[in-house]
Amino acid sequence: HKGNFMQFDYGEAGNLAQYGNATPPLYNISNINVPTYFMYAENDWLSDEIDVDRLAAKVQKNIGTYKVPFKYFNHVDFIWGKDAPQLVYNTLINVIKPYQIY
């Protein structure tokens, strides 16, 4: 299933019980039709750069990607990292400002 954006893989028996198929169904990426900005980190064990790039290329309204400029930043650091405001939040605020509705 490598490289596919699909629902959770429960293993063949679990997938048969859950989905009625040996493999999990693919997500319909064309249904993602809102402006989407991708943020990722090099040390994130749940989000690989190749996977982020692959998904970002398929999303209709990809407004950009951002790699956190700190080699050791990981998945939980997006919330708990002491440098998250400087490394992530400030950039994110600047990205979403144009979409603000008053």
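**Strand pairing, surface patch and salt bridges in a predicted model**

Tyr37 stands opposite Gly64, a residue of strand E2. This pairing, like everything described below, comes from a predicted model. It is a handy place to enter the fold, since the two strands meet here. Strand E1 covers residues 36–40 and strand E2 covers residues 62–67; the two run parallel and are joined by five bridges. Met39 also has a bridge partner in E2, namely Tyr66.

The side chains of E1 are worth following one at a time. In a regular strand, side chains alternate between the two faces of the sheet. E1 shows this alternation: Thr36, Phe38 and Tyr40 point to one face, where they are buried, whereas Tyr37 and Met39 point to the other face and are not buried. Tyr37 and Met39, the residues introduced above through their partners Gly64 and Tyr66, thus belong to the face of E1 whose side chains are not buried.

Between the two strands comes helix H2, residues 49–58, and together E1, H2 and E2 make a β-α-β unit of right-handed sense. Zooming out, the protein chain contains four helices and two strands. Read from the N terminus, their order is α-β-α-β-α-α.

The overall dimensions give some context for these elements. For 102 residues, a compact globule would have a radius of gyration near 13 Å, while the value for the protein chain is 16 Å. Along the principal axes, the C-alpha atoms fill a box of roughly 45 × 35 × 25 Å. Buried residues account for 25% of the 102 in the protein chain.

Turning to the surface, a nonpolar patch is formed by Trp45, Leu46, Val76, Ile79 and Trp80, which together offer about 670 Å² of accessible area. One of its members, Trp45, sits in the loop between E1 and H2. Trp45 counts as exposed because its relative accessibility is 55%, and the cut-off for that class is over 50%. Another exposed aromatic residue is Phe8, with a relative accessibility of 54%. Phe8 lies in the segment before helix H1, which spans 11–19. Phe8 and the patch member Ile79 are separated by 71 residues in sequence, and their C-alpha atoms are 24 Å apart in space.

Charged side chains add another set of contacts, with three salt bridges in the structure. In one of them, Lys67 meets Glu42 at an N to O distance of 3.9 Å. Lys67 belongs to strand E2 and Glu42 to the loop between E1 and H2, so this pair ties together parts of the chain that are 25 residues apart in sequence. Lys67 also forms a salt bridge with Glu49, where the closest N and O atoms are 3.6 Å apart. Here too, distant parts of the chain are linked, with Lys67 in strand E2 and Glu49 in helix H2, 18 residues apart.

The accessibilities of these three residues can be set side by side. Lys67 counts as partly exposed at 34% relative accessibility, and Glu49 is also partly exposed, at 32%. Glu42 is partly exposed as well, with a relative accessible area of 47%.

The remaining pair to describe is Asp51 and Arg54, whose salt bridge has its closest N and O atoms 3.5 Å apart. Both residues are in helix H2 and are three residues apart, so about one helical turn separates them. Asp51 is partly exposed at 41% relative accessibility, and Arg54 is partly exposed at 34%. As for shared partners, Glu42, Glu49 and Lys67 are joined into one network of salt bridges.

Note on methods. Residues numbered from 1 in each chain as written. Predicted model: local features only at pLDDT ≥ 70, side-chain atom pairs only at ≥ 80, totals over all residues. Heavy atoms only, no water. Pairing = 2+ DSSP bridges. Right-handed = clockwise from strand over helix to strand, strands pointing away. Patch = residues over 30% accessible without salt bridge, like charges linked within 9 Å, V, L, I, M, F, W, Y side chains within 5 Å. Areas by Shrake-Rupley, 256 points an atom, 1.4 Å probe, with all protein chains shown as cover. Salt bridge = Lys/Arg side-chain N within 4 Å of Asp/Glu carboxyl O. Buried < 20%, exposed > 50% of the residue type's maximum accessible area, 1.4 Å probe, protein only. Rg over C-alpha atoms; globule rule 2.2 N^0.38 Å.
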